[in-house]
Amino acid sequence: MILESLSAVLEKNALIAAFAFVGILVWISYEISARFTRGHLHGSAIAIMLGLVLAYVGGRATGGTQGLADISLFAGVGLMGGAMFRDFAIVATAFGAELEALKKAGLVGALSVVIGVVLSFVVGAIVAVAFGYTDAVSISTIGAGAATYIVGPVTGTALGADSGVIALSVAAGLTKSVLVMIGTPFVAPYIGLNNPHAALIYGGLMGTTSGVAGGLAATDPKLVPYGAMTATFYTGVGCLLAPSVLFLLVRALV
Amino acid sequence: MVIYGVALLSFCMLVGVFVGDLLGDLIGVQANVGGVGIAMLLLIILSNLSHSKFTLGVPTEKGIGFWSAMYIPIVVAMAAKQNVIAAISSGWMAIIAGVAAVVVSFAMIPVLSRIGSGDQHDS
């Protein structure tokens, strides 16, 4: 009786329930990050990994394609994580980026963003081809996913890619994000990542915002703003280039 | 007013997505081309204009800042609604693509750093 009315409330207020649910999920993730990894693995990366695990559980439980959102109690997660809110939040992050600050970063900073997007896209696309993908839409989506886990789904949605391919692109971007977070402090001495100039280039080349923020925080917290500055532009440049110029290039080659 | 910030953000996104749709039609791709990127550029330009021409009030900035701060939670929700089952059936590809992208990008940092330090603008 109580359980029934509780689930009725959650289903009737799906989006609000999703806010509460994701809030708890993020909180647990940051606790895990602080307690078990001493902050080395960024809380946001753990939260996203838990999200993907729950999507797996949801998919197993229902046989649907919407992950956790296929379970009626969590339907709001589908709306909250849908394209509309996702794109809205992405656009909002651009507000933190100052045109002047990027101009000061110089040509190399801007260049590193474009090179970073193209480089990751090409590497991801080559891997996709190596694994037997032959259609331009899937190859581009996976290439875009190798850029970031945002550029992947944005590109995939724009090009009308299969949901499974979009999930792959998120997984590729997530692998990148986690590896950047964990790997940065270890490789930093070998790649000369110890000054603002290198941090700007690093942010532009890596592009994954949480990866860069976590990676630099674990290396030298003073470098965070420089890396984050260029990284802020990466997703925008990726969303601009991947579904347009880079996709057309792939289509011409395939 | 907070709503001014949210409305400005909405305006940028709608214009961006609209232009992205038009671009898609123009290129002949049945898709939205760079709509989100265009929206971001528009927001950057508008918010930078405002520093010299007029100032956004603090509540207005909060309206945008809130959604910027919701970015990670929304991405978490996005992860939770993905078709992971389908992804896992060819799992190694995603991991290899991600790892390869990181390795190549890391290798590129010293190369670009050198180009930068050759500049007369070096700090």
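Here are some exercises on a two-chain predicted model, each with a worked solution.

Residues are numbered from 1 along each chain as its sequence is written, and chains are lettered from A and ligands numbered from 1 in the order in which they are written. Since this is a predicted model, local features need pLDDT of at least 70, side-chain atom pairs count only at pLDDT 80 or more, and totals for chains, interfaces and linings use all residues.

**Exercise 1. Get to know chain A**

Task: work out how many helices and strands chain A has, and how the chain is packed overall.

Solution.
- Start with the elements, where helices (H or I, at least four residues) and strands (E, at least two) are DSSP runs, numbered from the N terminus. Chain A has twelve helices and zero strands.
- Next, the overall dimensions. The C-alpha trace spans about 65 × 45 × 30 Å along its principal axes. The radius of gyration is taken over C-alpha atoms, and the globule rule is 2.2 Å times the number of residues to the power 0.38. For 254 residues a compact globule would come out near 18 Å, so the 19 Å of chain A agrees.
- Then burial. A residue is buried if 20 or more other C-beta atoms lie within 10 Å of its own, exposed if 12 or fewer, and partly exposed in between, with C-beta atoms placed from the backbone. In chain A, 59% of the 254 residues are buried.
- Last, confidence: pLDDT is the predictor's confidence in each residue, from 0 to 100. Chain A averages 86, and 93% of the residues score at least 70. Among its elements, helix H7 (residues 136-147) has the highest mean, 95, and helix H11 (residues 209-219) the lowest, 74.

**Exercise 2. Split chain A into domains**

Task: find the domains of chain A and describe where they touch.

Solution.
- The bounds come from an automatic or database domain assignment. For chain A this gives domain 1 (2-81) and domain 2 (92-253).
- Their centres, taken over C-alpha atoms, are 25 Å apart.
- Two residues are in contact if their C-beta atoms, placed from the backbone, lie within 7 Å. Nine residues of domain 1 of chain A are in contact with ten residues of domain 2 of chain A.
- For classes, Ala, Val, Leu, Ile, Met, Phe, Trp, Tyr, Cys and Pro count as nonpolar, Asp, Glu, Lys and Arg as charged, and the others, Gly among them, as polar. The domain 1 side has five nonpolar, four polar and no charged residues.

**Exercise 3. Look at two covered helices**

Task: which residues of H5 and H10 of chain A are buried?

Solution.
- In helix H5 (residues 83-93) of chain A, nine of the eleven residues are buried. They include Arg86(A) and Asp87(A), along with Phe85(A), Phe88(A) and Val91(A).
- Helix H10 (residues 196-206) of chain A has ten of its eleven residues buried, so it is largely enclosed by the rest of the structure. Among them are His197(A), Tyr202(A), Gly203(A), Gly204(A) and Met206(A).
- Gly207(A) follows H10(A), with a positive phi near 80°.

**Exercise 4. Bring in chain B**

Task: describe chain B and its contact with chain A.

Solution.
- Chain B has six helices and zero strands, and 46% of its 123 residues are buried.
- The contact takes 64 residues from chain B and 90 residues from chain A. On the chain B side, H6(B) gives the most, with 20 residues.
- By class, that side divides into 45 nonpolar, 18 polar and one charged.

**Exercise 5. Follow the core**

Task: find the largest nonpolar core, then look at Ile142(A) and Ile64(B).

Solution.
- A nonpolar core is a set of buried Ala, Val, Leu, Ile, Met, Phe, Trp, Tyr and Cys residues joined through C-beta atoms within 7 Å. The largest has 121 residues, and those with the most contacts inside it are Val91(A), Ile142(A), Leu9(B), Val76(B) and Ala97(B). Helix H9 (residues 163-191) of chain A supplies the largest share, 13 residues.
- Setting aside neighbours within four places in sequence, Ile142(A) contacts residues including Tyr133(A), Val165(A), Leu168(A) and Ala97(B).
- Ile64(B) is in helix H3 of chain B. It counts as buried because it has 25 C-beta neighbours inside 10 Å.
- Not counting residues up to four places away in sequence, Ile64(B) touches Ala92(A), Phe95(A), Gly5(B), Leu8(B) and Leu9(B). Gly5(B) is 59 residues from Ile64(B) in sequence, yet 5.2 Å away in space, C-alpha to C-alpha.
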